[in-house]
Amino acid sequence: MSEQAHNMESQTKAAQEERKEFRSYAWGIGLALLLTVVPFGLVQWMAMPRVTLLIIIGAFALVQMLVHFRFFLHIGFRQKREDLQLILFSTVLLIIMVAGTIWIMASLATRMALPGSP
Amino acid sequence: MRLAALCCGVLLLAACAGDTHLTFLDPQGPIAHQQRWHFYWVLGVMAVLVAGPIFLLLPFFVWRYRYGNKKPRYTPKWEYSTLLEIMSWSGPIVIVIVLAVFVWRDTHKLDPYKPIASDQAPLQVQVIGYDWKWLFIYPDQGIAGVGTLALPVGRPVFLHMTSATVMQSFFIPALGSQIYAMGGMVSQLNLEASKPGKSLGENTMYNGNGFHQQKFTAVAMLPADFKAWVRKVRATGLPLNAQNLKVLAQRSTRADLIAALPGARSMAGNVYFTSASKSLFPAVVKATMDGTPTLPESAFEHRHTATQSGDAADAATGKPR
Amino acid sequence: MSEQAIKHPGLNLGPAHGKDDEAAGTVMFGFWVFLMSDAILFAMVFATYVTSLHATAGGPGPRDLYDIKSVFIETMLLLASSFTFGMASLALKYKHRKARLIGWMVVTLVLGVAFLGFELHDFSSMFVKGGVPSRSGFLSAFFDLVPLHGLHVTAGGIWLICLVGQIVRYGLDTKTKLGIMRLALFWHFLDIVWIAIFSVVYLAGLT
Amino acid sequence: MNIVDPPLGRLQWSSLPFWDMLQHPTKGNIINGLIATGAASLVVIGAIALVVLLTKYKLWRPLWSNWLTSPDHKKIGIMYVVIALVMLARALIEAVLMRGQQAFGLGGGFLSPEHFAQLFSTHGTIMIFFMAMPFLTGVINYVMPMQIGARDVSFPVLNSISLGLTAAGAALVMVSLVIGKFSTGGWFGYPPYTEANFSPGVGPDYWIWALSLAGLGSTLTGINFAVTIYKERAPGMQWMRMPLFTWTALCTAIIMIFAMPPLTVATAQLALDRYLGFHYFTNALGGNMMNFANLFWLFGHPEVYILILPAFGVYSETISTFSGKALFGYRSLVMATMAIALLSFTVWLHHFFTMGQNANINAVFGIASMLIGIPTGVKIYDWMWTMFRGRVRFTVPMVYALGFIVLFVLGGMSGILLANPTIDYQVHNTVFLVAHFHNVAVPGVLFGMLSAYHFWFPKAFGFRLNERWGMISALCWIFGFVGAFFPLYALGIMGLPRRTVAYTEARYVPLEWMAFLGALLILVALLALLWQLWLSIRDRADNRVFVGDPWAGRSLEWANSAPPPEYNFAVIPQIESRDAFTAAKEQGRAYLRPDTYVDIELPKNSAMGPAIAAISFALAFGLVWHIWWLVILCFLAAIASMIIRGFARDTRRIVSAQQVRQEHHRWIDAVDQATAISRADECTSVNVGLARQEADGVVP
């Protein structure tokens, strides 16, 4: 293969790659927009039970975070393992810390209240 | 090590010999009694199963396989044995599982918030932590005191506590658990004394220069003596009014407080109050929570209503409900 | 080839970048670790906020203070800036002219500054309504969480200006490229934090 | 916060330690004033003496260019250890003062309550953040990159910045001796006591900013170490071939990365409360001090394992080396280390069982705490099986290791007792707790670090430490520890709260005296350690181990000269098994001359470390004293220095292949001339660092 042909080929390959990555960003922004607009709309215009609304907001937020990780930060399951390991491990610790804190503080809040007050 | 443990044991026995009961190893009530049992039990399990094997094997290995001893086998590359690995893991796992079962059961059984089963209604006491003294309010009797927590023997005591200043920890070792008292919050503690006697009471959470003087005596007395004590306090106590409470709330030790309240000098190192209203404790909690320095007027009821409610409660004292 | 392209999460340099691509491995991993540490920091501030929700101490609460329209605009600005930074990353990776890269970066900066402007406006209108941090535990927690994100965005903005300076001064050498890649991670990460903020703080607060 | 504060903020003449004594010369004030002034003068005189000596011997330039600005992980490691030893001396003297006060504390004593409170606060803060942390960070810095066959850590200049931040924090604590007073709120500084309305002085501010600087430094260090171990391992150094010390370093680094943020949040929120009137932890207006307890221990408990894991790693190395045997149960030890690292994040609540949460929570966290006993127990057993059928040499590092095992088992037992909420209700906040955590921290951290100090000192400086005085010191540490802390178990059970300046209970006195005598013995141990250092430096010519392997070491840090060249290895080694250096020695490829040498690229010196140290110290000092112009200036300077560093390009330099060849040949020549010695002679001057190889199963 001549030098020039090789160059040509790598250029077209690069162009393909670029289109692929651009589509990834475009998908990302599209999904993110959708996942943002819906909960905002629900809060603004829809009357529904508070708990349902909270669950929907939470679910949309989680999905949107995944979308950002996937399409903007290019995290996937084909990565070198250490990076994914790092993120999953951090998530586990984050959940332990936050869930533990809320569990403890909620228990304390109920048990520290002045008897006879709400 | 065994020797050290023995020495400690002897010293503890000596410690029990004094006038004031200092420790849960010399329990004065059912809670501390159970805690003593847990302590010995866990200690025993670990001494036998954990420390025992290690303290036997370690000196033996170290001596037998010392560099100067050429006789025993030397296997510089030996680094794995399935049997030993299984033993190393399974031993601690079994011990922890056994202990975990007991921890789960006992933690629920001895939750400080859990009322003590009894055929008598618990005596209500409200505790307010000040720097550096505890104020004990007996809302049903309409009295309050600093320096002595009087308890009738055989009747559960239900304490509500808060702090008017920083975080403190209320603790009578010979009777039972300690628990934090915090500003704007109310924590609870259930105790019971099973025999008459004096026990050490204290704050264990550092709160400034007078911290080490923040002690009191928990005096367990027979029900009749308790009634007499209540009457005596009512007869001799100072009124718990806004002015006296202001003096009480200053950062001062009990000795300073007595010096500042001339009427308290005849109370043998204690300060007793009458006309302690039921609304005082919630008022202090609320005021601390709101950051308001002075209590509302409603926290101090008129003397005769307090006495009336006190009498009513007095009549109920000791009677099964 | 495609294995190369997905070597490091976040924004890659292509294999055509040669030595720079190799150098990216350690630096980008290090920055990911830093981001995860930062994520724990935010998580703890979130936890404080959630546990302080009822600590309004009689002061104004979420419904009295939050303005959903403004938050929506802020969200759109930040989302758009994430996308424009993505475009800058593509320009960097596929070796387009410097002008294109700088152009996208400047657009990102403008969006970021606009976001900060709206946020500051939010804060000032909260102050007017009595929502100052020293009013209650709840407001303290709010003014820990949201401005912390704002400070991160500010830092990102300053960093972005410095990087543009480095591009102008040194061109696209290894260090500049790695800098842009790290800032891209940082910027997208802040967007993810913002998702949590608008959901947990604003939307949940207004239900 | 008052913007129109005077130019020097809160700084006044009364901030000096002898002011009170001169204004109100009562007996108590004079005693306390003299002690405080004495301590302050020690700091000032020490600083002046240092400056004079440096000037007299014209050492400023070498200090600057060889040490302070050096990005070399070995030098940074040594500087960390120096900080740790200086701070150890101070905190230990404070401990002896406190024990002395309590021995005389029946109804009084000689220290004022406030002075006593400053002592326990600084003692705890220093021992955790400015003794243990720098010590272990220093040891890891020195050893770990060599153990994995790397030239340096991943981010050498960041390493230097981390050191600068730690040094600035330590300096802030030292300055608090001279100007103003340190916090009286203990090392965990619980609000609301540390809030502005209960502690209006500068004390808690000193505490907040010292911790913030140290915490930031540790976060960056953790990132650096973790990335180094992930990315810089020599070819063939697979995960399961890494020495155990490197494994513990990795787990420690991971904990640093994830455990420091809660501390940063807690101290920052406390600072906002104090400076700007926020209400995170105040009594009033919705503040909640329980949040602080929760956040602090979310950091505080993992911190315990940051401290203890590297020591576990050190013991794994020393026990294996001085038993002349491969480490038993490597896989189990690795798994146990990782299990401890993960579990360390699930037990924080056991520091406040008595706060009032429900029994389910207490029981869950109690059981989780006991779970840590499992991997720890496995480790102890595996170390014992390492000695089994080995040849145990009673060197100083090994004596520390043996002392550790015995004492640590007892500390672990008291830990299991405390993990029972029902028992914790009885001994929490008493000196039983103090005895427990010293019983795990002193053998588990300090002994480990001293073991490491004796083990790797010859590698770092090229000569061995005096064994005789090392042994005296080690025995004094061990027996002094027993004397100082076992009585506290009994005292705690007798209801003596921690942090008590005085007491009225006569039954405490005999035990207090036992503890005081133990503390004095520990002081002797420290003096013996200093004396040993002096003797060893004096006699260094007789104890040189330039060949680099004085203890028949097993891992790669022994595979170069002592001290090692700045690039660690002339040729990056290829690793084929665990215990890489032992394998190389056995196969006869430990001391080869390679055919070719190549240029080695190293980072250039950078002033970023000392610059950040100076700026962050001044920034923190300004914050403590409300000197706002200084704060603003330093804040801008910090940002400017980072921007300038971002624009720096010429940051690498080359060590030529020629120079590498020269240095390497000099070392190999020394190896060729050296006589290999048997282990019986390792503590004599015949030991120049070459170990005799024997056939398998024959004692060398």
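# Exercises on Chain B and Its Neighbours

Across the interface of chain B and chain A, one salt bridge is found. The structure is a predicted model, and the exercises below examine chain B within it.

## Exercise 1: The interface with chain A

Identify the residues that form the salt bridge between chain B and chain A, and describe the side of chain B that touches chain A.

**Solution.** Begin with the charged pair. A salt bridge requires a side-chain nitrogen of Lys or Arg within 4 Å of a carboxyl oxygen of Asp or Glu. The pair that satisfies this rule is A:Arg111 and B:Asp111, whose closest N and O atoms are 3.1 Å apart.

Next, consider the extent of the contact. Chain B contributes eleven residues and chain A contributes five residues. The two chains bury about 670 Å² between them, and carbon and sulfur atoms account for 66% of this area. On the side of chain B, the residues that lose the most area to chain A are B:Tyr113, B:Met185 and B:Val186, which together make up 52% of what that side buries.

Then turn to the polar contacts and the elements involved. Three residue pairs are in polar contact across this interface. Strand S8 and helix H7 of chain B each supply at least two residues to the side that touches chain A. Helix H7 of chain B gives the most, with three residues.

Finally, sort the residues of chain B on this side by class: seven are nonpolar, three are polar and one is charged.

## Exercise 2: The interface with chain D

Which of the five pairs of chains in contact share the most contacts? Describe what chain B brings to its interface with chain D.

**Solution.** Begin with the ranking of the pairs. Of the five pairs of chains in contact, chains B and D share the most contacts. Chain B, by comparison, makes no contact with chain C, although their closest C-alpha atoms lie 7 Å apart.

Next, state the size of the interface. Chain B takes part with 99 residues and chain D with 102 residues. The area buried between them is about 8,900 Å², and 71% of it comes from carbon and sulfur atoms. B:Tyr67, B:Tyr74 and B:Tyr206 supply 10% of the area that chain B buries against chain D, more than any other three residues.

Then examine the polar and charged pairs. There are two salt bridges between chain B and chain D. One of them joins D:Glu586 to B:Lys77, with the closest N and O atoms 2.8 Å apart. In addition, 31 residue pairs are in polar contact across this interface.

Now locate the elements of chain B. Those giving two or more residues to the side that touches chain D include helices H1 (2–16) and H3 (82–109) and strand S9 (197–203). Helix H2 of chain B gives the largest share, with 17 residues.

Finally, by class, this side of chain B has 59 nonpolar, 25 polar and 15 charged residues.

## Exercise 3: The seven-stranded sheet

Give the order of the strands in the open sheet of chain B and name the strands that lie at its edges.

**Solution.** Begin with the order. The sheet runs S8-S5-S1-S2-S3-S12-S11, and its pairing is mixed. The edge strands of chain B are S8 (187–191) and S11 (238–239), each of which pairs on one side only.

Next, find an example of each sense of pairing. Strands S11 and S12 (residues 271–274) of chain B pair in the parallel sense over two bridges; within this pairing, B:Pro239 has B:Thr274 as its bridge partner. Strands S1 (residues 123–130) and S2 of chain B run antiparallel and are joined by five bridges.

## Exercise 4: Strand S2 of chain B

Describe the neighbours of strand S2 of chain B, and explain why this strand counts as largely enclosed.

**Solution.** Begin with the side facing S1. Strands S1 and S2 of chain B form a hairpin with two residues between them, and B:Gln126 stands opposite B:Ile137.

Next, take the side facing S3. Four bridges join S2 to strand S3 (residues 143–146) of chain B in an antiparallel arrangement, where B:Ile137 stands opposite B:Ala144. This hairpin has four residues between the strands, and B:Gly142 takes a positive phi near 75 degrees.

Then consider the two faces. In a regular strand, side chains alternate between the two faces of the sheet. In strand S2 of chain B, B:Lys133, B:Leu135 and B:Ile137 lie on one side, B:Trp134, B:Phe136 and B:Tyr138 lie on the other, and all are buried.

Finally, draw the conclusion. Strand S2 (residues 133–138) of chain B is largely enclosed by the rest of the structure because six of its six residues are buried.

Notes
Residues are numbered from 1 along each chain as its sequence is written. Chains are lettered from A and ligands numbered from 1 in the order in which they are written. This is a predicted model: local features need pLDDT of at least 70, side-chain atom pairs count only at pLDDT 80 or more; totals for chains, interfaces and linings use all residues. Side-chain values use heavy atoms; hydrogens and water are left out. Two strands pair if DSSP finds at least two bridges between them. Buried means under 20% relative accessible area, exposed over 50%, partly exposed in between (1.4 Å probe, protein chains only). Contact means heavy atoms within 4.5 Å. Buried area is the accessible area (1.4 Å probe) that two parts lose on being put together, summed over both. A polar contact is a pair of N or O atoms within 3.5 Å; within protein, one must be able to donate a hydrogen and the other to accept it, and residues adjacent in sequence count only if both atoms are side-chain atoms. Ala, Val, Leu, Ile, Met, Phe, Trp, Tyr, Cys and Pro count as nonpolar, Asp, Glu, Lys and Arg as charged, and the others, Gly among them, as polar.
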